[in-house]
Amino acid sequence: MPTCIDMCEVVAGSAAWLGRGLSCVCVQRRESDARPSFDLTPSQEECLLRLQNRIDVAYDSLIPEHQEALKALWKVAFPEEQLRGLISEQWKEMGWQGKDPSTDFRGGGFISLENLLYFARNFPKSFQDLLRKQEGDRAIWEYPFAVAGVNITFMLIQMLDLEALKPRNLVGATFLKFLAENESAFDLLYCITFKLMDNQWLAMRASYMDFNAVMKATRRQLEEELLQEDITRLEDLPSYNLLSR
């Protein structure tokens, strides 16, 4: 019976950090496309710049802070199991493609590791449920947890248009209102999205090769929720109620 580790080995390859089956569904766009832009308040501009600075930080396995963050992720994920090294076959248990997680961060950057850590520390029950696939009728070929997490970071950056000087879509502009009120809004939205993605996975009775379809459905649902008129903070999103601490 294929396991999550087996599937990571299937998609392994240094040229495709997202995995052959886990290519992000949201990256195609033409720079020439005309898009509206939305004016920002000084507070929103400042918060966006700080978030963009986080997004611009690449994961670097030679930086002690990055090494310690990766060790911290292992400790919160598997507190009962001693990590043998930053390069180890053990990492496949978390759903990395190989024994060196640093090769999987190149598309999501250091912020994707920060997102996973935030999830683990703030919603430990949901984090463990997803890591260990403890809820619902699971597929034989499951999505690899960690690589899926990097995909979610990448998808959110694209969906919210966070690399632009100003948001060019209504979803991105709406998100910046939440960010101005909560510096951790991106990390919180990440947690909501990860749990929503798994919920969609179960509802669609998905298997490994359905991951892109699940991500599309997750993005559509998230955009709809963010644009609801009665949403004044991320905790008001219907999908926030899927999370457990």
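These legends accompany several close-up views of a predicted model.

**View 1. The whole chain is a run of helices.**
Welcome to the overview, where the predicted protein chain holds nine helices and zero strands. Read from the N terminus, the order of elements is α-α-α-α-α-α-α-α-α. The protein chain has 245 residues, and buried ones make up 52% of them. If we take the contacts with a separation of 6 or more, residues 24 or more positions apart account for 71%.

**View 2. Helix H6 is enclosed along its length.**
How many of the 15 residues of H6 are buried? The count is 15 of the 15, so the rest of the structure largely encloses this helix. H6 covers residues 145–159. Its length also checks out nicely: at 1.5 Å a residue, the 15 residues should span 21 Å, and the C-alpha atoms at its ends are 21 Å apart, which agrees. Just after H6, Asp161 takes a positive phi of about 55°, and this residue has a view of its own below.

**View 3. Ala146 of H6 sits beside a stretch distant in sequence.**
Zoom in on Ala146, a residue of helix H6. Its relative accessible area is 0%, which means that Ala146 is buried. Which residues touch Ala146, once neighbours within four places in sequence are left aside? They are Met94, Gly95 and Trp96. For Gly95, the C-alpha to C-alpha distance from Ala146 is 4.8 Å, although the two residues are 51 apart in sequence.

**View 4. Helix H5 is covered by other helices.**
The short name H5 stands for residues 124–131. Six of the eight residues in this helix are buried, so H5 is largely enclosed by the rest of the structure. The buried residues are Ser126, Phe127, Gln128, Asp129, Leu130 and Leu131. Where does their cover come from? It includes helix H3 (64–77), helix H4 (110–122), H6 and H8. Just after H5 comes Lys133, with a positive phi of about 50°.

**View 5. Asp161 pairs with Arg168 in the loop between H6 and H7.**
Asp161 belongs to the loop that runs between helix H6 (145–159) and helix H7 (170–181). Is this residue buried or exposed? Asp161 counts as buried, because its relative accessibility is 4%, and the cut-off is under 20%. Its side chain makes a polar contact of 2.8 Å with the side chain of Arg168. The backbone deserves a look too: phi of Asp161 is positive, about 55°, although the residue is not a glycine. As background, most residues other than glycine have a negative phi.

**View 6. Arg205 shows a positive phi in an exposed setting.**
Here we move to the loop between helix H8 (185–203) and helix H9 (211–226), which holds Arg205. Phi of Arg205 is near 50°, a positive value in a residue other than glycine. Arg205 is exposed, because its relative accessible area is 68% and the cut-off is over 50%. Set this beside Asp161 in the previous view, which is buried at 4%.

**View 7. Ser102 holds a side-chain contact in the loop between H3 and H4.**
Ser102 lies in the loop that links H3 and H4. At 18% relative accessibility, Ser102 counts as buried, because the cut-off is under 20%. Its side chain and that of Asp100 are joined by a polar contact of 2.7 Å. Leaving aside neighbours within four places in sequence, Ser102 is also in contact with Tyr59 and Ser61.

**View 8. The largest pocket takes part of its lining from H6.**
How much space lies in the largest pocket? The volume is about 150 Å³. Among the 15 residues that line this pocket, Ile55, Arg106, Gly107, Gly108 and Gly109 are the closest to its centre. Which element gives the largest share of the lining? It is H6, with three residues. By type, the lining of the largest pocket divides into seven nonpolar, five polar and three charged residues.

Note on methods:
Residues numbered from 1 in each chain as written. Predicted model: local features only at pLDDT ≥ 70, side-chain atom pairs only at ≥ 80, totals over all residues. Heavy atoms only, no water. Helix = DSSP H or I, 4+ residues; strand = E, 2+ residues; numbered from the N terminus. Buried < 20%, exposed > 50% of the residue type's maximum accessible area, 1.4 Å probe, protein only. Polar contact = N/O pair within 3.5 Å; in protein donor to acceptor, adjacent residues only side chain to side chain. Expected span 1.5 Å × (residues − 1). 1 Å grid on protein atoms, 1.4 Å probe; cavity = no way out; pocket = protein on both sides within 12 Å on 5 of 7 lines; lining within 4 Å. Points joined across faces, edges and corners; volume = space filled by probe spheres on them. Nonpolar A, V, L, I, M, F, W, Y, C, P; charged D, E, K, R; others polar. Contact = heavy atoms within 4.5 Å.
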